Amino acid sequence: MKQCSSLPIVLMLFLLLLTACGEVGEGGRKAPSQATETVAWDSMEPDHHMDLEYAQQFDVAFYPGDYALITIEDSGRYLLVPEGKAVPEGLTQDIVVLQQPLARIYLAASSAMDFFRQIDALHTVCMTSTQRSNWRLPEVVEALDRGEMLYVGKYSEPDYERIVTEGCDLVVESTMIHHSPKTLEQLTALGLPVMVERSSYEPHPLGRMEWVRLYGLLTGKSQEADAWFDQELARLSDILEQESGDQTVAFFYITANGAANVRKPGDYVAKMIQLAGGNYVFSSLPGEETALSTVNMQMEAFYAGAWDADVLIYNSAIDGELETIEQLVEKDGLLADFKAVQTGKVWCTGKSMFQQTTAVGDIILDIHNIVSGKAEKGAEMNVLYRLTQ
């Protein structure tokens, strides 16, 4: 594209957006089908809501005609308009219109990608803000290699021209976008609908997982999303009904500075340990509970709190996967004195754990197998693996 210094970048890209929204844009985006009748927003009333079991950060109100009003906590309201239906007249300015089909999504919230993968809707995501080398989901890597998904730059510095020319129905951002308000402003100025998702702020691990139902709604995969979520709840039903046992568990990794990074009690990993029947060793750790509820402890303090933990789980998503207990002890000699190291009850996460958002059920099952002794009897593990002596 030739440079044109006489026009601001927003105006240039907006003209590109108009071009891309023709009958068939340069990126292959189809023009929305023409609605046959209009409807007034002030005359519409919801007839039911999505029956959410654990999620608290979003709500969906359903209206006659298959319209759906999505409300995301501290983010905004979004009206999902079915294909072939008219956008209601008289909408308030705070409501963002999402016109189905949403077939060309720019996903800048990497943790949400696994929801699309799980319900076979990955084809609706055509752009990402995460480079190929940082993806641990094989299906995403393959989509990037085939050119079906494109890397369009870091979330805070995206290639606006590429996003517009490729055609974009919806931008999904994480709350990190609030650290780059100019980027959010630019995307909005281009007329792109932007949704800031908050699944990581769910207080319950299963609430985080229930966001699959929102993405199922957006992509026309509600049946698949509901079926999968119900299946996961069924897998966990017996475990969730049990009381915690006496096995104590520490979840951590060693930072580059030699500190132990641990989860605060309100974090979802700590809560998964409790749901699985274990006792998190730092359950009384003080501090504000946030979406990123971690704290670095000096090794002496970590030793005092976790040396006699029955189970250690090492988070390898940060500094690479371990294979042996010896490799773990090489990170800090104090670990050799830990009870779990001496008994061989040391487990490790895979590097893809935090991109496998839908693996919450698998992780809870794995931890349950460990603390219940089933892992010692050969129970199949899904995400966690044992470090060898």
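**Note on the predicted model: aromatic pairs, strands and sheets**

1. The structure, which is a predicted model, holds 10 aromatic pairs. One of them joins Phe-116 and Tyr-215: the ring centres are 5.0 Å apart and the planes meet at 45°, so this pair is tilted. Phe-116 belongs to helix 2 (residues 113–118) and Tyr-215 to helix 7 (residues 212–218), so the contact ties together parts that are 99 residues apart in sequence. Phe-116 is buried, at a relative accessible area of 1%. Tyr-215 also counts as buried, with 0% relative accessibility.

2. A further pair involves Phe-302 and Phe-338, whose ring centres lie 5.6 Å apart; their planes are at 25°, so the pair is stacked. Phe-302 is found in helix 10 (residues 299–306), while Phe-338 is in the loop between helix 11 (325–329) and helix 12 (339–343), so parts 36 residues apart in sequence are tied together. Both Phe-302 and Phe-338 are buried.

3. Phe-302 and Phe-338 are also members of one aromatic cluster, which includes Phe-252, Tyr-280, Phe-282, Tyr-303 and Tyr-314 as well. Tyr-314 lies in strand 15 (residues 311–314), and both faces of this strand are covered. On one side Val-311 and Ile-313 are buried, and on the other side Leu-312 and Tyr-314 are buried.

4. Strand 15 has parallel pairings with two strands that merit attention. Strand 11 (residues 248–254) is joined to strand 15 by 4 bridges, with Ala-250 standing opposite Leu-312. Strand 16 (residues 346–348) pairs with strand 15 over 3 bridges, and there Val-346 is the bridge partner of Leu-312.

5. Elsewhere, 5 strands make an open sheet in the order 1-2-3-4-5, with mixed pairing. Strand 1 (48–49) and strand 5 (95–99) are at its edges with a single partner strand each, so one side of each has no neighbour in the sheet. Strand 2 (residues 58–63) and strand 3 (residues 67–72) run antiparallel and are joined by 6 bridges; Asp-59 has Thr-71 in strand 3 as its bridge partner.

6. Another open sheet of 5 strands follows the order 8-7-6-9-10, and its pairing is parallel. Its edges are strand 8 (150–151) and strand 10 (194–196), each with a single partner strand, so one side of each is left without a neighbour in the sheet. Strand 9 (residues 170–173) pairs with strand 10 over 3 bridges, where Val-172 stands opposite Met-195.

7. Two arginines are placed over tyrosine rings. The charged end of Arg-198 sits 4.1 Å from the ring centre of Tyr-201. Arg-208 lies over the face of Tyr-268, 3.6 Å from the ring centre.

Conventions. Residues numbered from 1 in each chain as written. Predicted model: local features only at pLDDT ≥ 70, side-chain atom pairs only at ≥ 80, totals over all residues. Heavy atoms only, no water. Buried < 20%, exposed > 50% of the residue type's maximum accessible area, 1.4 Å probe, protein only. Pairing = 2+ DSSP bridges. Phe/Tyr/Trp six-rings, centres within 6.5 Å; stacked < 30°, edge-to-face > 60°. Lys NZ or Arg CZ within 6 Å of the ring centre and 35° of its normal.
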